[in-house]
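The following exercises concern one molecular structure. Each task is followed by a solution in steps.

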Protein chains: 2
Amino acid sequence: MDPEPVRFEPVTTVRAYERVVEQIEQAVLSGRLSPGERLPSERELMAQFGVSRSTVREALRVLQAGEVIRSRAGDPRGPEVLPASTAVLQKSMHRLARAEELGLAQLLQFRMLLEGSAYLLAARLRTEEQLAQMDAALAEMRAQLGRGDSEFSRADVAFHDAVARATQNPLLVVCGEVVRGVVLELIEDKLAHAADRRALMRKSVAHHIEVLRAVRDGEGERACRLARHALYDYYAEYVPEAERAMLHPLLGS
Amino acid sequence: MDPEPVRFEPVTTVRAYERVVEQIEQAVLSGRLSPGERLPSERELMAQFGVSRSTVREALRVLQAGEVIRSRAGDPRGPEVLPASTAVLQKSMHRLARAEELGLAQLLQFRMLLEGSAYLLAARLRTEEQLAQMDAALAEMRAQLGRGDSEFSRADVAFHDAVARATQNPLLVVCGEVVRGVVLELIEDKLAHAADRRALMRKSVAHHIEVLRAVRDGEGERACRLARHALYDYYAEYVPEAERAMLHPLLGS
DNA sequence: CCTAGGCCACTGGTCCGACCAGCATACTAG
DNA sequence: CTAGTATGCTGGTCGGACCAGTGGCCTAGG
């Protein structure tokens with residue numbers, strides 16, 4: 001055995017507000033503080049932690065940014081502990097997607113991958129109720145076919161959300177949502193100039209009908225393949241030709 | 001047409017610090033501020049935004065919590081804009097996992113999905129150099145077979161990273177990394193008590209050899225199937241039986 | 001008795017001014 | 001020319017102050 005020498009750890013200055021954050025976060029994470037419960041008021045916390053109100057406030061700001069608590073001015077009951085949400089996850093993923101110099105190719109690849117798998121899972125795991133939700137969203141799409149495309153795409157989003165929810169996996173829901181959003185951001189201007197949006201919508205509806213049938217029949221593999229091909233057909237023309245190859249492995253053999 | 005009545009939107013009080021956050025965040029997101037660049041000092045910002053220093057500081061705290069910037073006391077150059085990181089993503093996912101919104105089943109499902117697809121893509125897109133990196137990582141795993149399992153799992157991580165990089169998709173790299181981390185966190189204690197870790201390692205090496213061969217031969221589908229089955233075999237026993245069914249659709253027909 | 005109304009104590013949001021310790025640079029003494 | 005110090009900034013923390021809200025209490029009117 002090595003004669004383990006005395007080891008010193010690098011000293012890290014821990015700011016006062018960080019200690020406050022830490023303690024409150026631990027209380028929430030460990031369940032000693034449940035969603036809906038209230039924290040003491042800032043002035044009370046300042047006494048309990050032995051720090052100034054500024055420090056307490058900075059700590060609360062951090063927790064607020066992390067969706068751990070919520071403060072309302074004037075509420076005598078104090079800051080509220082929030083239930084866990086995917087909002088932060090979504091925001092951080094969005095930031096990452098925009099920062100990582102992601103091209104449309106990468107985003108589309110990821111989306112094909114996710115949505116395909118979502119269908120694969122949904123086809124097996126969906127309940128009748130979720131099936132009905134997809135039906136409703138699809139009906140809404142058909143109804144909005146003639147109207148502006150903002151309503152149409154809202155119905156489209158609702159459809160995909162229903163599919164994602166059917167997988168019972170919040171990760172799939174969030175990631176799908178984010179990637180879809182970023183993809184749309186990247187090409188909405190190009191898409192707006194598309195020659196015939198009406199034709200695109202009709203094609204989209206036809207595709208959704210087909211894929212929904214596959215989901216209803218439990219044919220996951222087929223739904224997966226359909227979705228990926230549809231995405232490719234719809235978006236590939238906007239992907240630089242050199243990068244298009246990275247989408248092909250997902251189209252199956 | 002409906003005689004569209006005048007519509008009023010609910011008034012939302014926007015806090016001063018929120019608007020400061022918003023502006024700085026936008027500057028970073030839009031690229032007007034790049035990683036490594038510096039923000040003006042708090043006193044300077046307070047003049048530019050026309051708010052007090054407390055308000056500026058609360059805004060900076062929020063950005064700091066979101067890993068957008070970093071402040072060091074005394075640094076005359078001011079707060080630094082950070083490159084996008086996965087830390088927040090990881091933390092928020094972790095919190096969701098602890099809040100039981102996310103069980104091992106969901107995480108594992110997502111990981112099976114991601115890693116399978118990663119192999120599928122890597123088998124087609126990998127370069128010789130990336131293949132060599134996987135080889136090296138695998139060799140390291142074999143070398144560490146006898147040693148502590150922290151070295152072993154580090155080599156394991158290196159292998160999976162090499163695979164993810166071969167897909168040329170940063171999203172896949174990041175998500176894979178994060179999910180792998182959270183999964184390990186969730187069961188590391190259970191895994192530590194496993195009867196025979198040595199046997200598990202050997203089995204893991206054997207699996208990696210096989211899957212790497214599939215990648216080298218360009219058999220993406222096979223690599224995908226192998227990886228998912230391996231993950232299932234390795235982890236499924238820790239998943240509540242009732243939720244195990246949600247993993248089965250990914251194991252293929 | 002009960003209820004509608006206003007009152008009030010307290011909340012969080014913002015501002016100000018002050019002090020401290022830390023950092024990078026310029027300057028100074030050797 | 002170098003070593004060390006002085007300096008002028010930085011962010012971190014503190015205390016006190018004021019304001020606009022909120023919700024419960026208390027009261028006047030039924």
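**Exercise 1.** Determine whether Glu67(B) is buried or exposed, or in between, and describe its backbone.

*Solution.* Step 1: Glu67(B) has a relative accessibility of 28% and therefore counts as partly exposed; buried means under 20% relative accessible area, exposed over 50%, and partly exposed in between, with a 1.4 Å probe and protein chains only. Step 2: Glu67(B) is placed in the loop between helix H3 (53-65) and strand S1 (69-70) of chain B. Helices (H or I, at least four residues) and strands (E, at least two) are DSSP runs, numbered from the N terminus. Step 3: the phi of Glu67(B) is near 60 degrees, a positive value in a residue other than glycine. Most residues other than glycine have a negative phi.

*Conventions.* This is a predicted model, in which local features need pLDDT of at least 70 and side-chain atom pairs count only at pLDDT 80 or more, while totals for chains, interfaces and linings use all residues. Residues are numbered from 1 along each chain as its sequence is written, chains are lettered from A and ligands numbered from 1 in the order in which they are written, and side-chain values use heavy atoms, with hydrogens and water left out.

**Exercise 2.** Locate Thr167(B) and state which residues it contacts beyond its neighbours within four places in sequence.

*Solution.* Step 1: Thr167(B) belongs to the loop between helix H7 (149-166) and helix H8 (170-192) of chain B. Step 2: its relative accessible area is 0%, so Thr167(B) is buried. Step 3: with those neighbours left aside, Thr167(B) is in contact (heavy atoms within 4.5 Å) with Gln109(A) and Met246(A), and also with Ala118(B), Leu121(B), Ala122(B), Leu125(B) and Leu172(B). Step 4: Gln168(B) lies in the loop between H7 and H8 of chain B as well, but with a relative accessible area of 41% it is partly exposed. The phi of Gln168(B) is near 65 degrees, a positive value in a residue other than glycine.

**Exercise 3.** Describe the surroundings of Val211(A) and His208(A) in helix H9 of chain A.

*Solution.* Step 1: Val211(A) is in helix H9 (residues 197-216) of chain A, and His208(A) is found in helix H9 of chain A too. Step 2: Val211(A) counts as buried because its relative accessibility is 0%; His208(A), at 4%, is also buried. Step 3: not counting residues up to four places away in sequence, Val211(A) touches Tyr119(A), Phe159(A), Ala223(A), Leu226(A) and Ala227(A). On the same basis, His208(A) touches Leu138(A), Met141(A), Asp156(A), Phe159(A) and His160(A).

**Exercise 4.** At what angle do H9(A) and helix H10 of chain A pack, and which residues make the contact?

*Solution.* Step 1: H9(A) and helix H10 (residues 220-235) pack at an angle of about 165 degrees, with their axes 8 Å apart. Axes are lines fitted to C-alpha atoms, for helices over the stretch in contact, and angles run from 0 to 180 degrees between N-to-C directions. Step 2: the angle makes H9(A) roughly antiparallel to H10(A), a term for angles over 145 degrees. Step 3: H9(A) contributes Leu200(A), His207(A), Glu210(A), Val211(A), Ala214(A) and Val215(A) to the contact, and H10(A) contributes Arg222(A), Ala223(A), Leu226(A), Ala227(A), Ala230(A) and Tyr234(A).

Notes: Parallel < 35°, antiparallel > 145°, perpendicular 65-115°, else oblique.
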